[in-house]
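Work through the exercises below with the structure open. Each task is followed by a stepwise solution.

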Amino acid sequence: MKAALTIAGSDSSGGAGIQADLKTMTLNGVFAMSAVTALTAQNTTGVKDILEVPPAFLEAQLDAVFTDIPPQAVKTGMVSSADLISVIARKLRQYGAENLVVDPVMVATSGARLLREDAMDALKNELLPLAAVVTPNIPEAQLLSGCAIGSAAEMEAAARVIGERYGCAVLLKGGHRINDANDFLWQPDGGRWFEGRRIANPNTHGTGCTLSSAIAANLAKGFSLYESVERAKAYLSGALNAMLDLGKGSGPMNHAFDIKPAYQEEAPQ
C-alpha cells in the first residue's frame with residue numbers, strides 16, 4: 001500500500017485540515033499519516049483560536065514519519081508561521097520528499113486569516129520551489145502572482161506567472177467565482193482546463209483541503225498529475241453531491257460518501 005503524509009493544522013470540527021486530509025487520503029486508497037502544525041478551536045461558523053506547535057516538535061513529527069514509513073506523496077496545508085515553513089522545507093529536502101502538493105492556505109472559508117504576514121515570504125521562497133503542484137484559489141493566486149483575476153484568460157495568465165516564478169505546476173481553482181467550477185492546470189508543457197459541475201451545496205467547509213489531499217493520494221499511487229487532478233475533482237464532486245448538512249455555518253462534506261452501505265447503517269430508534 002502506498003502512503004501519503006499531510007502536514008497541516010487540526011480542525012476540531014472535523015471538516016477541514018488534518019481530519020479532512022486523513023479521511024480523503026484513506027478514501028482514495030493510500031495509508032494516511034500526519035504531522036500537525038497547529039491546533040485550532042473551530043467549527044462551521046469560524047475559527048475561535050489557534051495554538052501553533054513549536055518548530056522543534058514539528059521537526060520531531062517529520063523525523064518520526066520519514067525514518068519509518070517514507071511517504072510517496074506529501075501535502076501541506078495550514079502552516080501559519082515562517083519558522084514552521086522553514087522546518088518543513090528543510091526536512092522535505094533532507095529526506096528527498098517526492099510529489100509535494102502545496103495548498104497555500106491563507107484564509108479560512110469563514111474569513112479568518114490563517115497565514116501570518118511574515119510567513120508569506122517563507123512560503124514563496126522556501127516551500128513553493130519544492131512543490132510538484134500548488135493549488136491556490138483565486139484570492140491566493142492573486143497574492144502569489146500579483147495579478148488581478150477576473151476572467152478565465154486572467155486565470156491562465158496568473159497560473160503561468162506563478163508556475164514560472166516558482167518552478168512548479170499550478171492548479172488554479174475557479175470555484176464558483178469565475179468560470180463556474182472549472183479549474184486550470186498550468187504545466188511547463190502547456191495548460192489544461194478541468195470542467196467542473198456546479199453543485200448547489202452551501203456546505204463547502206474543507207473543499208480546498210480535500211482536493212489537494214486527493215491529488216496527493218493519487219500521485220502517491222503513481223497516477224500522472226493530470227490524472228490525479230481529474231480523479232481528485234471527481235472525488236470532491238461526489239463528497240459535495242452527498243449533500244451532508246451539519247452545523248450552523250458552512251458545513252463539512254461527506255468524505256465517506258463512497259463507503260459501503262453497511263458502514264452507514266444506524267441503530268433503530
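**Exercise 1. Helix packing**

Determine the handedness with which α7 passes α8, then describe the geometry and the contact.

Solution.
1. The crossing of α7 past α8 is right-handed. The model is a predicted one.
2. The contact draws on Thr207, Thr210, Leu211, Ala214, Ile215, Asn218 and Leu219 from α7. From α8 come Leu225, Ser228, Val229, Arg231, Ala232, Lys233, Tyr235, Leu236 and Leu240.
3. Sort these residues by class. The contact of α7 with α8 has 10 nonpolar, 4 polar and 2 charged residues.
4. Now take the axes. Helix α7 spans residues 207-220 and helix α8 spans residues 225-241. They pack at an angle of about 140 degrees, and their axes are 8 Å apart.
5. Classify the angle. Roughly antiparallel requires over 145 degrees, and roughly perpendicular covers 65 to 115. α7 and α8 are therefore oblique to each other.

**Exercise 2. Aromatic pairs**

How many aromatic pairs does a search of the whole structure find? Describe the pair of phenylalanine 66 and tyrosine 95.

Solution.
1. The search returns 4 aromatic pairs.
2. Phenylalanine 66 and tyrosine 95 form one of them, with 5.0 Å centre to centre and 5 degrees between the planes.
3. Planes under 30 degrees apart count as stacked. The pair of phenylalanine 66 and tyrosine 95 is stacked.
4. Place the two residues. Phenylalanine 66 belongs to helix α2 (residues 55-66), while tyrosine 95 sits in the loop between α3 (82-94) and β5 (100-102), so the pair ties together parts 29 residues apart in sequence.
5. Check accessibility against the 20% cut-off for buried. Phenylalanine 66 has 7% relative accessibility and counts as buried. Tyrosine 95, at 26%, counts as partly exposed.

**Exercise 3. A tilted pair**

Give the geometry of the pair formed by phenylalanine 184 and tryptophan 193, then the accessibility of each residue.

Solution.
1. The ring centres of phenylalanine 184 and tryptophan 193 are 5.1 Å apart.
2. Their planes make an angle of 50 degrees, and the pair is tilted.
3. Phenylalanine 184 has a relative accessible area of 5%, so this residue is buried.
4. Tryptophan 193 has 28% relative accessibility, so this residue counts as partly exposed.

**Exercise 4. A glutamine in a helix**

Is glutamine 61 buried or exposed? Place this residue and list its contacts beyond four places in sequence.

Solution.
1. Glutamine 61 is in helix α2.
2. Its relative accessible area is 15%, so glutamine 61 is buried.
3. Set aside neighbours within four places in sequence. Glutamine 61 then contacts Ser34, Ala35, Val36 and Val53.

How values were computed:
Residues numbered from 1 in each chain as written. Predicted model: local features only at pLDDT ≥ 70, side-chain atom pairs only at ≥ 80, totals over all residues. Heavy atoms only, no water. Axes fitted to C-alpha atoms, helices over the stretch in contact; angles between N-to-C directions. Helix = DSSP H or I, 4+ residues; strand = E, 2+ residues; numbered from the N terminus. Parallel < 35°, antiparallel > 145°, perpendicular 65-115°, else oblique. Left-handed = near helix turned anticlockwise from the far one by under 90°. Contact = heavy atoms within 4.5 Å. Nonpolar A, V, L, I, M, F, W, Y, C, P; charged D, E, K, R; others polar. Phe/Tyr/Trp six-rings, centres within 6.5 Å; stacked < 30°, edge-to-face > 60°. Buried < 20%, exposed > 50% of the residue type's maximum accessible area, 1.4 Å probe, protein only.
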